[in-house]
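Me: I'd like to understand what stands behind each label people put on a model like this one. Please start wherever you like, and I'll keep asking how you know.

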Amino acid sequence: MPIEAIRRLPKVELHVHLDTSVRPCTVGELGARQGIQMPEQLEPALIAPPLCDNLADYLTRVDLALQVLQTEDALERVAYELAEDMAAEGMVYAEIRYAPQLCIRRSLNMQQVIDAVDAGLRAAQQDFGVRTGQIICCLRHDPSHLSHEVAQYAIANWAPGKVVGLDLAADEAVYGGSPHRTAFRLARGVGMPRTVHAGEAAGAESVREAIELLEAQRIGHGVNLQQDPSLFAPVRVRHITLEMCPTSNVQTRAVKTLAAHPIDRYMRYGLPVTVNTDGRTTSNTTLTREFARLSEQFGWGLDQVKQTTLDAASSAFLSEEERAELRRIILERWPAE
Ligand SMILES: [Zn+2]
């Protein structure tokens with residue numbers, strides 16, 4: 001499929017991190033304005049190589065952006081710019097995630113962080129028409145009481161167009177999910193939607209833990225689900241959507257090559273899969289490019305892009321009515337075949 005044709009298609013993204021999607025020039029400008037020493041070359045500090053040592057290595061590329069994301073102005077600006085970049089490639093709805101506890105190193109509290117991101121996203125919706133929601137991330141290496149506090153902030157801000165869900169992120173190879181059980185129980189108790197990064201740096205047992213212990217309704221990545229085919233049936237029957245990020249999955253060595261990526265097999269098996277960027281800057285990609293790579297590798301055409309886009313709309317952390325409305329918008333803008 002020609003990349004320009006993909007760019008024009010209406011799209012939905014469920015898995016993109018704010019702090020790994022900051023424009024490199026913006027990091028430079030914010031750093032200069034805040035008096036932070038910046039490396040001479042910004043891009044090598046922010047963009048991960050095509051092959052990292054592992055997930056932990058990939059995650060080091062977020063450090064520089066986080067240094068500048070400690071003020072309301074900076075957070076509002078990067079949220080606005082991310083939504084602007086998404087709108088430029090046809091995004092109609094996106095869920096943007098980040099960990100507010102990483103942005104309180106100077107003077108902000110978590111509420112101010114969430115409000116600043118909200119202000120940027122609302123302004124972008126006004127200017128570019130792209131609808132968004134925030135997903136708040138607990139971090140695997142954080143103590144359980146901090147995750148509990150993060151979940152409380154997420155719930156307090158749970159409203160259409162503001163916070164829409166809770167996530168668990170960070171280095172899955174080293175840290176299990178069980179310390180975050182009370183945070184996820186809290187979200188589950190009030191009916192707040194939940195997703196968990198699993199089956200990326202750890203095996204299928206991590207996906208099982210995400211589904212059974214943390215009661216995740218979506219899985220971030222889920223590449224290693226294939227290690228335990230007994231999980232396929234519950235994932236399919238309960239419609240647990242996999243938020244897959246092909247380029248990132250190769251970079252972090254969750255898969256050896258794009259050709260070995262299970263997304264095409266999963267889709268043919270009837271598992272709900274969606275395509276995502278993970279980090280537009282860290283993975284040096286766009287959703288358009290992710291689809292172009294899948295088209296080149298697996299021969300995906302309009303049908304596959306449409307199916308994964310509608311699956312993303314159906315799995316968005318929205319009400320049933322809003323999901324139906326999103327599907328209607330996608331179908332209305334979809335080119336006639
Ligand atoms: Zn992620």
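Reply: Let's begin with helix 7 (residues 110-128), which lies across strand 3 and strand 4 and runs at about 155° to strand 3. Helix 8 also lies across strand 3 and strand 4, at about 165° to strand 3. Before going on, note that this is a predicted model, in which local features need pLDDT of at least 70 and side-chain atom pairs count only at pLDDT 80 or more, while totals for chains, interfaces and linings use all residues. Residues are numbered from 1 along each chain as its sequence is written.

Me: What makes a stretch a helix or a strand, and how is an angle such as 155° defined?

Reply: Helices are DSSP runs of H or I with at least four residues, strands are runs of E with at least two, and both are numbered from the N terminus. On that basis the protein has 16 helices and 8 strands. For angles, axes are lines fitted to C-alpha atoms (for helices, over the stretch in contact), and the angle between N-to-C directions runs from 0 to 180 degrees.

Me: How do you know which strands pair, and what is the order in the sheet with strand 1?

Reply: Two strands pair if DSSP finds at least two bridges between them. Strand 2 (residues 91-98) and strand 3 have 6 bridges in the parallel sense, so they pass that cut-off. One bridge in this pair links glutamate 95 to glycine 133 in strand 3. The open sheet has 4 strands in the order 1-2-3-4, with parallel pairing. Strand 1 (11-17) and strand 4 are its edge strands, each pairing on one side only. On average, neighbouring strands here are turned by 25° against each other, direction ignored.

Me: What makes strand 5 and strand 8 edge strands in the other sheet?

Reply: That open sheet of 4 strands has the order 5-6-7-8, again with parallel pairing. Strand 5 (195-198) and strand 8 (273-275) each have a single partner strand, so one side of each has no neighbour in the sheet. Inside the sheet, strand 6 (residues 218-221) and strand 7 (residues 241-244) run parallel and are joined by 3 bridges. Among the partners, arginine 218 goes with threonine 241, and isoleucine 219 with leucine 242.

Me: Why is glutamate 209 called buried or exposed, whichever it is?

Reply: A residue is buried if 20 or more other C-beta atoms (placed from the backbone) lie within 10 Å of its own, exposed if 12 or fewer, and partly exposed in between. Glutamate 209 has 20 such atoms, so it counts as buried. This residue is found in helix 10, which spans residues 204-212 and lies across strand 5 and strand 6.

Me: And what makes glutamate 43 partly exposed?

Reply: Glutamate 43 has 13 other C-beta atoms within 10 Å, and 13 falls in the in-between range, so "partly exposed" is the right label. Its place is in helix 3 (residues 42-46).

Me: How do you know which residues glutamate 209 touches?

Reply: Two residues are in contact if their C-beta atoms, placed from the backbone, lie within 7 Å. Leaving out residues up to four places away in sequence, glutamate 209 touches Gly176, Gly177, Ala198 and Leu214.

Me: Why do the buried residues of helix 9 line one face?

Reply: Helix 9 (residues 181-190) has Ala183, Phe184 and Ala187 as its buried residues. Seen down the helix axis, these fall within an arc of 95°, taken from the directions from the axis to the C-beta atoms, so they line one face. An α-helix has 3.6 residues a turn, so residues three or four places apart point the same way. The buried residues of helix 9 pack against strand 3 (131-139), helix 8 (144-156) and strand 4 (163-169).

Me: What makes a group of residues a nonpolar core?

Reply: The set must consist of buried Ala, Val, Leu, Ile, Met, Phe, Trp, Tyr and Cys residues joined through C-beta atoms within 7 Å. The largest such core has 100 residues, and Leu75, Ala79 and Ala316 have the most contacts inside it. Helix 6 (residues 72-87) gives the most, with 8 residues.

Me: Last one: how do you know whether the overall size agrees with a compact globule?

Reply: The radius of gyration is taken over C-alpha atoms, and the globule rule is 2.2 Å times the number of residues to the power 0.38. For 337 residues that gives a value near 20 Å, and the protein has 18 Å, which agrees. Of those residues, 50% count as buried.
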